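Q: I have a model open and would like to learn how to read its binding sites. Could you take me through them?
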Amino acid sequence: MEGIRAMIVTMESDAGNLATEQVTSMLRSRGYEVHLLAGSGASAIGINGRPVADDLGPALCALPGVAGVHTPSRPYRLAARETRPAGTVVQIGDVAIGGPEPVVIAGPCVVEGREQLLRAAEAVRDAGAVMLRGGAFKPRTSPYSFQGLGEDGLRLLAEARELTGLPVVTEVMEPEQVDIVAEHADVLQIGSRNMMNFPLLRRVARTDRAILLKRGFASTIEEWLLSAEYILAGGNDRVILCERGIRSFDPATRFSLDLNAVPLVRELSHLPVIVDPSHGTGRRELVASMALAGIAAGAHGLIIEALPNPDLAACDAPQSITPDVLAGIVSQSRAIRALLQPRLAAVA
Ligand code: PEP
Ligand code: MN
């Protein structure tokens with residue numbers, strides 16, 4: 001019978017780098033592949049590559065700083081809740097995603113021009129958003145639709161950050177674009193259509209940027225967490241999951257926002273999870289209700305398409321909301337989260 005091929009070593013939350021290095025070098029000297037989860041919470045080390053020797057667990061437990069070892073019970077390992085039970089908090093400047101405060105990210109679907117973006121950035125900041133969204137490279141279903149301003153759009157996003165102080169999140173679609181997007185953006189978004197673009201996942205794992213990983217609209221939760229695993233195993237533990245709706249049989253809404261995913265993913269994984277009620281519904285009159293439902297379900301935040309003149313938006317106008325509606329969502333999200341905090345804290 002083939003032996004166990006994987007193991008996770010969890011470190012004490014106050015174990016220093018030295019203790020972690022001692023574990024990784026011991027493992028490497030024994031010929032194991034090592035994947036380090038570190039930076040945004042208690043460190044853990046994934047062991048892979050060859051059957052785990054019987055004496056390895058006890059030898060690891062004898063090292064300073066080691067909290068325990070376990071055999072992963074699911075195909076994703078570093079992403080599993082048991083690997084970092086206290087949860088991951090992704091820090092982006094002053095913004096902490098995964099902590100007690102719900103984080104609201106807002107802005108236009110697509111960066112259309114300087115005035116449009118700067119006015120939208122100020123408006124969403126004034127409404128209480130703490131991060132700005134806006135697409136520069138857009139994944140469009142039709143090759144004839146507006147594909148975004150590309151690098152010019154990235155420069156405008158950086159200007160909007162200068163003006164407002166809001167960190168920016170924007171999509172990257174191809175491995176070749178990663179460097180230029182990372183140069184301008186604080187958070188790299190992997191869109192729903194690219195959730196299983198494994199070369200892209202491997203490439204963003206090598207950056208020091210936080211990654212917003214949207215769920216593929218026809219992907220299972222396990223596939224989604226395995227995509228997160230690519231990024232974690234590649235050395236980047238700053239991953240934020242985003243539930244953005246799945247395709248169902250019913251054309252009444254653009255997608256079906258799967259809010260089951262929120263408490264389930266919180267149970268299965270230590271990664272923070274946010275909700276996108278804009279793409280999840282496709283209809284602006286549903287956005288506030290589903291945003292608040294997402295927070296009630298335990299989401300750590302929201303990403304919402306909002307701008308001063310939603311009807312004029314070049315992309316996704318029907319699902320874009322005004323800054324006034326956004327302001328209501330921000331304050332009501334805080335109230336709901338405060339009400340639920342004792343229960344959510346029990347999950348972590
Ligand atoms: C977006 O947020 O701009 C977007 C295209 O979303 P998704 O990838 O979820 O469709
Ligand atoms: Mn959009």
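Q: Which polar backbone atom is 2.8 Å from an oxygen atom of ligand 1?

A: Happy to help, and do keep in mind that this is a predicted model. A polar contact is a pair of N or O atoms within 3.5 Å. Here, a polar backbone atom of Ser192 is 2.8 Å from an oxygen atom of ligand 1. Side chains take part too: an N or O atom of Arg133 is 2.8 Å from a ligand 1 oxygen, and a polar side-chain atom of Lys138 lies 2.9 Å from one. Of the 290 Å² of accessible area that ligand 1 has on its own, the protein covers 96%.

Q: How many charged residues are in the shell around ligand 1?

A: The shell has 6 charged residues, with 4 polar and no nonpolar ones. Among the residues around ligand 1 are Glu171, Lys214 and Arg244. The space that ligand 1 takes is the largest pocket.

Q: Which residues are the protein donors of the manganese ion (ligand 2)?

A: They are Cys109 (SG), His279 (NE2), Glu305 (OE) and Asp316 (OD), at 2.0 to 2.4 Å from the ion. Their spacing along the chain is C-x169-H-x25-E-x10-D. Cys109 sits in the loop between strand 7 and helix 3, while Glu305 belongs to strand 14, so this pair ties together parts 196 residues apart in sequence. His279 is also one of the residues around ligand 1.

Technical notes: Residues are numbered from 1 along each chain as its sequence is written. Chains are lettered from A and ligands numbered from 1 in the order in which they are written. This is a predicted model: local features need pLDDT of at least 70, side-chain atom pairs count only at pLDDT 80 or more; totals for chains, interfaces and linings use all residues. Side-chain values use heavy atoms; hydrogens and water are left out. A residue is near a molecule or strand if one of its heavy atoms lies within 4 Å of it. A polar contact is a pair of N or O atoms within 3.5 Å; within protein, one must be able to donate a hydrogen and the other to accept it, and residues adjacent in sequence count only if both atoms are side-chain atoms. Accessible areas come from the Shrake-Rupley method with a 1.4 Å probe; for residues, only the protein chains shown count as cover. On a 1 Å grid over the protein atoms alone, a cavity is a set of points where a 1.4 Å probe fits but cannot get out, and a pocket is an open set with protein on both sides within 12 Å along at least five of seven lines; lining residues have an atom within 4 Å of a point. A molecule sits in a cavity or pocket if more than half of its atoms lie within 2 Å of its grid points. Ala, Val, Leu, Ile, Met, Phe, Trp, Tyr, Cys and Pro count as nonpolar, Asp, Glu, Lys and Arg as charged, and the others, Gly among them, as polar. Donors are N, O and S atoms within 2.8 Å of the metal (3.2 Å for Na, K and Ca); water is not among the atoms, so sites may look incomplete. Helices (H or I, at least four residues) and strands (E, at least two) are DSSP runs, numbered from the N terminus.
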